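Welcome! Here is a set of short exercises, each with a worked solution. Keep the picture in view and try each task before reading on.

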Amino acid sequence: MAAHRKPKQRPYTGSAARTAATLAIAGAATAAALPGSAHADPQATPAQVRAEVDRLYHDAEVATEQYNGAKEKATAAADAVDTLRDEAARRTERLNASRNALGSLAAAQYRTGGLDPAVQLALSSDPDQYLERASYADRIGDRQAAEVDGVERQVARIAQLRSQAKGKLAALASRQAELKKHKATITTKLADAQRLLATLSPAERAAYESSDSARSADRADRSTARGPVQAPNSRAAEAIAFAYGALGKPYVWGATGPSSFDCSGLTQAAWRSAGVSLPRTTYTQINAGRHISRSELVPGDLVFFYSGVSHVGLYIGNGQMIHAPRPGAPVRIAPIDQMPFAGATRVA
């Protein structure tokens with residue numbers, strides 16, 4: 001009687017192999033869906049996915065404001081380098097002109113200064129004319145000394161300018177390294193968010209994309225019923241009008257308009273249209289005017305959110321603001337209680 005043997009496992013072939021491979025890939029993708037952990041929960045609920053996507057978008061916005069600040073400083077450093085180089089070039093031109101003039105004086109002195117002045121006086125047929133020329137020569141000598149002194153000062157200043165430019169170039173390289181780091185953080189966070197969103201069903205993703213938009217639209221409808229925005233002054237009215245004109249334009253990190261914006265880029269552009277210059281980032285804009293309490297808010301004030309002051313909007317009254325929310329969410333009206341309130345500033 002034959003011994004009982006364990007059936008031999010046959011390798012999958014054809015459609016069975018393709019099915020097994022598909023299931024294996026799907027399982028691996030699900031396990032890797034939540035970033036930041038090698039053992040992410042493959043059964044994350046849609047609510048957990050949405051919460052993680054929100055966190056990633058917020059982290060990307062924090063990095064965006066850091067990028068904006070580094071870019072502003074890099075631009076300033078590059079401008080300073082150009083200014084120093086231009087001044088050094090102008091001073092070098094003047095130095096070359098001074099050297100040429102000094103060389104002409106030296107050549108003339110060489111041609112006429114071979115004899116001792118006493119001998120030249122003795123041999124002169126016109127002593128009075130000689131003395132007049134000698135006096136002129138003394139003045140030329142004084143001028144030559146001044147020219148030499150001026151050349152020395154110009155050489156020292158040019159060396160100083162070049163040293164300063166070298167320092168600014170080092171600062172520029174540091175800022176550029178910061179830009180690269182923050183850009184990498186932003187792109188990584190946004191890519192992680194997109195991978196997570198891809199794990200949702202089309203209906204779940206549509207619900208996520210429309211959830212805050214629906215809340216904003218509800219508030220906008222109620223605001224319209226209450227009447228138009230009453231700005232406290234003409235400049236605030238201009239800033240608000242600009243923000244209304246930006247409604248629907250896309251969020252793009254690092255953008256300041258006119259076709260797309262990030263949050264601080266929108267507020268900066270809105271107030272620039274009213275003739276008021278704001279700094280580039282949320283954490284500098286909050287100090288660009290007078291700090292006010294939430295109860296003091298009037299249309300045109302800047303409202304800030306999160307403990308790190310990483311988001312800003314333009315207040316339009318009735319507890320609402322216009323802001324650029326995040327990638328995939330265009331400029332829109334939203335309630336200010338949609339995010340953790342961090343403070344407010346009145347710029348005009």
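**Exercise 1.** Among contacts in the protein chain between residues at least 6 apart in sequence, what percentage join residues at least 24 apart?

*Solution.* Take contact to mean heavy atoms within 4.5 Å. Among the contacts that link residues at least 6 apart in sequence, 67% join residues at least 24 apart.

Before going further, please note that this is a predicted model, where local features need pLDDT of at least 70 and side-chain atom pairs count only at pLDDT 80 or more, while totals for chains, interfaces and linings use all residues. Residues are numbered from 1 along each chain as its sequence is written, and side-chain values use heavy atoms, with hydrogens and water left out.

**Exercise 2.** Find out how confident the predictor is along the protein chain.

*Solution.* Step one is the score: pLDDT is the predictor's confidence in each residue, from 0 to 100. Step two is the whole chain: the mean pLDDT is 79, and 68% of the residues reach 70 or more. Step three is to look for weaker stretches. Residues 1-40 stay under 50, and the model has 16 contacts for them beyond four places in sequence. Residues 215-226 are also below 50, with 15 contacts in the model beyond near neighbours in sequence.

**Exercise 3.** List the helices and strands of the protein chain in order, then describe its burial and surface.

*Solution.* Helices (H or I, at least four residues) and strands (E, at least two) are DSSP runs, numbered from the N terminus. Counting them gives eight helices and six strands. From the N terminus on, the order is α-α-α-α-α-α-α-α-β-β-β-β-β-β.

For burial, call a residue buried under 20% relative accessible area, exposed over 50%, and partly exposed in between (1.4 Å probe, protein chains only). Buried residues make up 33% of the 348 residues. Accessible areas come from the Shrake-Rupley method with a 1.4 Å probe; for residues, only the protein chains shown count as cover. The chain exposes about 20000 Å², of which carbon and sulfur atoms supply 55%.

**Exercise 4.** Work out the order of the strands in the sheet.

*Solution.* Two strands pair if DSSP finds at least two bridges between them. Let us walk from β1 to β5.

1. β1 (residues 290-292) joins β6 (residues 341-346) through three bridges, running antiparallel; Arg290 has Arg346 as its bridge partner in β6.
2. β6 also pairs with β2 (residues 302-305) over four bridges, and here Val303 stands opposite Ala344.
3. β2 goes on to β3 through four bridges, with Phe305 partnered by His311. The two strands form a hairpin with five residues between them, and Tyr306 in the turn has a positive phi of about 75 degrees.
4. β3 meets β4 (residues 320-323) over three bridges, and Tyr315 stands opposite Met321. Two residues lie between the strands of this hairpin, where Asn318 takes a positive phi near 55 degrees.
5. β4 pairs with β5 over four bridges, where His323 stands opposite Arg332.

Put together, the six strands form an open antiparallel sheet in the order β1-β6-β2-β3-β4-β5. Its edge strands are β1 and β5 (332-335), each pairing on one side only. The twist averages 40 degrees from one strand to the next.

**Exercise 5.** Which strands does α7 lie across, and at what angle to β3 does it run?

*Solution.* For angles, axes are lines fitted to C-alpha atoms, for helices over the stretch in contact, and values run from 0 to 180 degrees between N-to-C directions. Helix α7 lies across β2, β3 and β4 at about 45 degrees to β3. Nine of the ten residues of α7 (residues 263-272) are buried, including Leu266 and Trp271. In β3, seven of seven residues are buried.

**Exercise 6.** Identify the residues that touch the most other members of the largest nonpolar core.

*Solution.* A nonpolar core is a set of buried Ala, Val, Leu, Ile, Met, Phe, Trp, Tyr and Cys residues joined through side-chain atoms within 4.5 Å. The largest has 27 residues, and those touching the most other members are Leu266, Trp271, Leu302, Leu314, Ile322 and Val331. Two or more residues come from each of α6 (234-245), α7, β2 and β3 (311-317). The biggest share is that of α7, with five residues.
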